[in-house]
Each structure stands twice: as C-alpha cells, then as structure tokens.
Amino acid sequence: MRGIKPASLAVLVSGTGTTLQNLIDRIAAGELPARIAVVLSSKPDAYGVTRAQKAGIPVEVVNRKEFKDPEVFADAVNARLEKYDIDLVVLAGYSHLIKLDKRRNIPAINIHPALVPAFCGKGYYGDRVHKAVLDYGVRFTGVTVHFVDEKYDHGPVILQEPVEVRHGDTVDSLRSRVQQVEHRLYPTAIKLFAERRLEVEGRKVVILPRRNDQ
Ligand code: GRF
C-alpha cells in the first residue's frame, strides 16, 4: 500500500459493533489503509462502545433517547464529530439517518445486508432483513455497500455481492454467511476510497483503475 494516505474514519454504531471490530482488526493487520479517529454511538450501552474503548479509540456518545426530534439529534451528532479530522463517515450498524456534513464535504458510506433496492429502507435492519428474505423465498440475497444520501439505504451503490439462500437456511445461518461477505466487502470499499478510486457520476459509482504507485 505504498503512497496511500490512510483514510481517517468516523465509525458510527448503535449495536454490537461486529462491523467495527472487523475494521479494527483489518487495520491492525495492515490490510486496510485507514485509522479510526472516533467511534460515535447513539446508545450509551452499545457493545461497540466497549470494543472501541478496548482498542483505545476515542468514543463519543450521543444518546438518541435524549432527543425528540431526529433532525436535532442528527445536528448533535455532526456537532460532536466537528472536532475530529475525518475523511469518511462509516455507518456500522448505525440505526438512524445522518445529515451529511456538506460544509466540510465529508462523504458517508453504509453497508446493508441484502441486495439493495430489495429488502431495504426504513424498518429493514439487522435480522429483520434476513427474516424478510427467508419469508419471501428469494434464491439470492447479498451485501451492498453504498454512499449515504438523505434516505435509508438509497445512495449510489459502491459494491454488491450476492449470497445464495439455501434450503433449510435459518436467520442465524443466513446472517452468518452474509456477514462473512460483509466483512470482506466493507474494507474493500474503504480501501478503494482511501486510494481515491471512487468517482460518483449521478447514481453511478465508477471504480477507477489502480494507479502505478498503489
Ligand atoms: C450488519 O448486518 C450491517 O449490514 C448492518 O448492521 C449489521 C451489523 O451490526 N448495517 P453490528 O456491526 O454488529 O453492530
């Protein structure tokens, strides 16, 4: 990874933080040119907070329950991120809409455990997604990494990969196979970002070829 400046990340969590842990591990293994400048949690007791603390990463908590208005909450999140030098906001099991920081021009990405635009949008998160996939009877689900816009699971798609639904699959078995793909795809997308190889043209994301110094 010669010549790549590590991307400085703000990782936003609301839950157990398996996505966060994977990023921490990949960075430690030297596989991902990034540093996590801050982990922000919308829940004080999220296990993601503990994972961040164990890794010595600064933690900010903006408790969603203390805000009536989602807009005011989103502003409070941005205000808390202001003191950090960040290149990319990474949503990692974060259950709320965010406001993009247009003044600082910081993009945000999300990972969704299905093939967007199927089984996504408000109310489709965590195991609800896998249950809906199984109930519908589709043959394939998968993983989507996308830029964030003002709607749930809606911005331009960066990477997608299908996962086959097998006869007899349960929410647990499906989640486990989807997560294996998630744990590969999210670091891949962040690496492409760090390498400045993602170009957004309307709804399309163009992946530029690797440069000679990369
Ligand atoms: C993953 O399925 C991811 O796609 C979704 O949140 C789940 C992981 O949550 N956005 P966590 O990282 O274990 O908290």
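**View 1. Thr19 sits in helix H1.** Thr19 is found in helix H1, which spans residues 18–28. This is a predicted model. Thr19 has a relative accessibility of 12%, so Thr19 counts as buried; the cut-off for buried is under 20%. Leaving aside neighbours within four places in sequence, Thr19 is in contact with Ala92, Ile111, His183 and Tyr186.

**View 2. Gln160 lies in strand S7.** Strand S7 covers residues 157–164, and Gln160 is part of this strand. Is Gln160 buried or partly exposed? Gln160 counts as partly exposed, because its relative accessibility is 38%. Not counting residues up to four places away in sequence, Gln160 touches Leu115, Val116, Val143, Thr144 and Leu185. Take the pair Gln160 and Leu115. Along the sequence, 45 residues separate Gln160 and Leu115. In space, their C-alpha atoms are 6.9 Å apart.

**View 3. The largest nonpolar core has 43 residues.** Six of its residues touch the most other members: Leu9, Val11, Ile36, Val90, Ile158 and Ile190. Which helix supplies the largest share of this core? Helix H5, residues 171–194, supplies that share, with 10 residues. In soluble globular proteins, nonpolar side chains tend to be buried together.

**View 4. Ile190 touches residues from many places in the sequence, including Leu9 and Ile109.** Its other contacts are Leu23, Leu32, Ala34, Leu88 and Val90. Residues up to four places away in sequence are not counted here. Ile190 is also one of the core members that touch the most others.

**View 5. A second core is separate from the largest one.** This second core has 17 residues. Among them are Leu12, Val62, Phe73 and Val77.

**View 6. The whole chain gives the setting for the close-ups.** The protein chain has five helices and nine strands. Along the sequence, they follow the pattern β-α-β-α-β-α-β-β-α-β-β-α-β-β. For 214 residues, a compact globule would have a radius of gyration near 17 Å, and the chain agrees, because its own value is 17 Å. The C-alpha atoms fill a box of roughly 50 × 50 × 35 Å along the principal axes. Of the 214 residues, 47% count as buried. Among contacts between residues at least 6 apart in sequence, 62% join residues at least 24 apart.

**View 7. The surface and the charges complete the set.** The protein chain exposes about 11,300 Å². Carbon and sulfur atoms supply 51% of that area. The chain has 32 positive and 26 negative charges, and their mean positions are 1 Å apart.

Notes:
Residues numbered from 1 in each chain as written. Predicted model: local features only at pLDDT ≥ 70, side-chain atom pairs only at ≥ 80, totals over all residues. Heavy atoms only, no water. Helix = DSSP H or I, 4+ residues; strand = E, 2+ residues; numbered from the N terminus. Rg over C-alpha atoms; globule rule 2.2 N^0.38 Å. Buried < 20%, exposed > 50% of the residue type's maximum accessible area, 1.4 Å probe, protein only. Contact = heavy atoms within 4.5 Å. Areas by Shrake-Rupley, 256 points an atom, 1.4 Å probe, with all protein chains shown as cover. Lys, Arg positive; Asp, Glu negative; His and termini not counted. Charge placed at Lys NZ, Arg CZ, Asp CG, Glu CD. Core = buried A, V, L, I, M, F, W, Y, C linked by side-chain atoms within 4.5 Å.
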